[in-house]
Amino acid sequence: MQDASQNRFPKMQQLATDYFQKLTAGRYVNIQFDKNTLQVVRNDRQKFSVVELSTGTQEQLYVGFSFSIKPSY
C-alpha cells in the first residue's frame, strides 16, 4: 500500500504545481517539498514558505492541491 502511495505522490505534486501555476497566472512556477517544509518558487526563482504567502496565494495553493487529489472520472 505504501508503495502505491509513493508512486502517486510525484504525479500529484506535478498536477498541483500545474494548477497552482495556472491559478497564479504564472507568478509561481513550482512547489517543492524539502524534508518537512513546503515551499513555492516564484517565476523569478525566489522561494517562499507557505506562511510567507498572502492569504489569497495560500488559498490558490490549497485549491491546486485539492484539484490534484480529486479522482478523475
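**Exercise 1. The fold in outline**

Work out how many helices and strands this predicted model contains, and in what order they run.

*Solution.* Start with the count: the secondary structure comes to two helices and three strands. Now walk along the chain from the N terminus, and the elements read α-β-β-β-α. Put limits on them next. Helix H1 covers residues 2–23, and helix H2 takes in residues 55–69. Between them in the order come the strands: S1 is residues 28–34, S2 is residues 37–42, and S3 is 47–49.

Then look at the protein as a whole. It has 73 residues, and 25% of them count as buried. The accessible surface is about 5500 Å², with 50% of that belonging to carbon and sulfur atoms. As for contacts, take those with a separation of 6 or more: 32% of them join residues 24 or more positions apart.

**Exercise 2. The hairpin and Val41**

Describe how S1 and S2 pair, then find the bridge partner of Asn30 in S2 and say whether that partner is buried or exposed.

*Solution.* Step one is the pairing: S1 and S2 run antiparallel to each other, over six bridges. Step two is the connection. The two strands make a hairpin with two residues between them, and Lys35 in the turn has a positive phi of about 55 degrees.

Step three is the partner. Asn30 bridges to Val41, which sits in strand S2. For the burial call, the cut-off is under 20% relative accessible area. Val41 has 5% relative accessibility, so Val41 is buried.

Step four is what surrounds Val41. Skip the neighbours within four places in sequence, and Val41 touches Arg27, Tyr28, Val29, Asn30, Gln32, Gln46 and Lys47. Take Arg27 from that list: Arg27 and Val41 are 14 residues apart along the chain, and their C-alpha atoms are 8.7 Å apart.

**Exercise 3. Aromatic rings**

Find out how many aromatic pairs the structure holds, and classify the geometry of Tyr19 and Phe67.

*Solution.* There are four aromatic pairs. To classify one, you need two numbers: a pair of aromatic rings is described by the distance of the centres and the angle of the planes. For Tyr19 and Phe67, the centres are 5.3 Å apart and the planes meet at 70 degrees. The edge-to-face class asks for over 60 degrees, so this pair is edge-to-face.

Now place the two rings in the fold. Tyr19 belongs to helix H1 and Phe67 to helix H2, so the pair ties together parts that are 48 residues apart in sequence. Elsewhere, ring pairs join Phe20, Tyr28 and Phe48 into a cluster.

**Exercise 4. A nonpolar patch**

Which residues form the nonpolar patch on the surface, and which element supplies the largest share?

*Solution.* The patch is made of Leu15, Tyr19, Leu23 and Phe67, and together they offer about 320 Å² of accessible area. Helix H1 supplies the largest share, with three residues; Leu15 is one of the residues in that helix.

Check the accessibilities against the entry cut-off of over 30% relative accessible area. Leu15 has 33%, which is partly exposed. Tyr19 is partly exposed too, at 32%. Phe67 comes in at 42%, again partly exposed.

**Exercise 5. The salt bridge**

Identify the partners of the salt bridge and state the exposure of each.

*Solution.* The structure holds one salt bridge. Arg42 and Asp44 form it, and their closest N and O atoms are 2.8 Å apart. The two ends don't get the same label: Arg42 is buried at 15% relative accessibility, whereas Asp44 is partly exposed at 44%.

**Exercise 6. Positive phi in the loops**

Where do Ala25 and Arg45 lie, and are they buried or exposed?

*Solution.* First, a reminder of why you'd look: most residues other than glycine have a negative phi. Ala25 goes the other way, with phi near 55 degrees. Ala25 lies in the loop between H1 and S1 and is exposed at 74% relative accessibility.

Arg45 also has a positive phi, near 75 degrees. Arg45 is in the loop between S2 and S3, and at 67% relative accessible area Arg45 is exposed.

Notes: Residues numbered from 1 in each chain as written. Predicted model: local features only at pLDDT ≥ 70, side-chain atom pairs only at ≥ 80, totals over all residues. Heavy atoms only, no water. Patch = residues over 30% accessible without salt bridge, like charges linked within 9 Å, V, L, I, M, F, W, Y side chains within 5 Å. Areas by Shrake-Rupley, 256 points an atom, 1.4 Å probe, with all protein chains shown as cover. Salt bridge = Lys/Arg side-chain N within 4 Å of Asp/Glu carboxyl O. Helix = DSSP H or I, 4+ residues; strand = E, 2+ residues; numbered from the N terminus. Buried < 20%, exposed > 50% of the residue type's maximum accessible area, 1.4 Å probe, protein only. Contact = heavy atoms within 4.5 Å. Pairing = 2+ DSSP bridges. Phe/Tyr/Trp six-rings, centres within 6.5 Å; stacked < 30°, edge-to-face > 60°.
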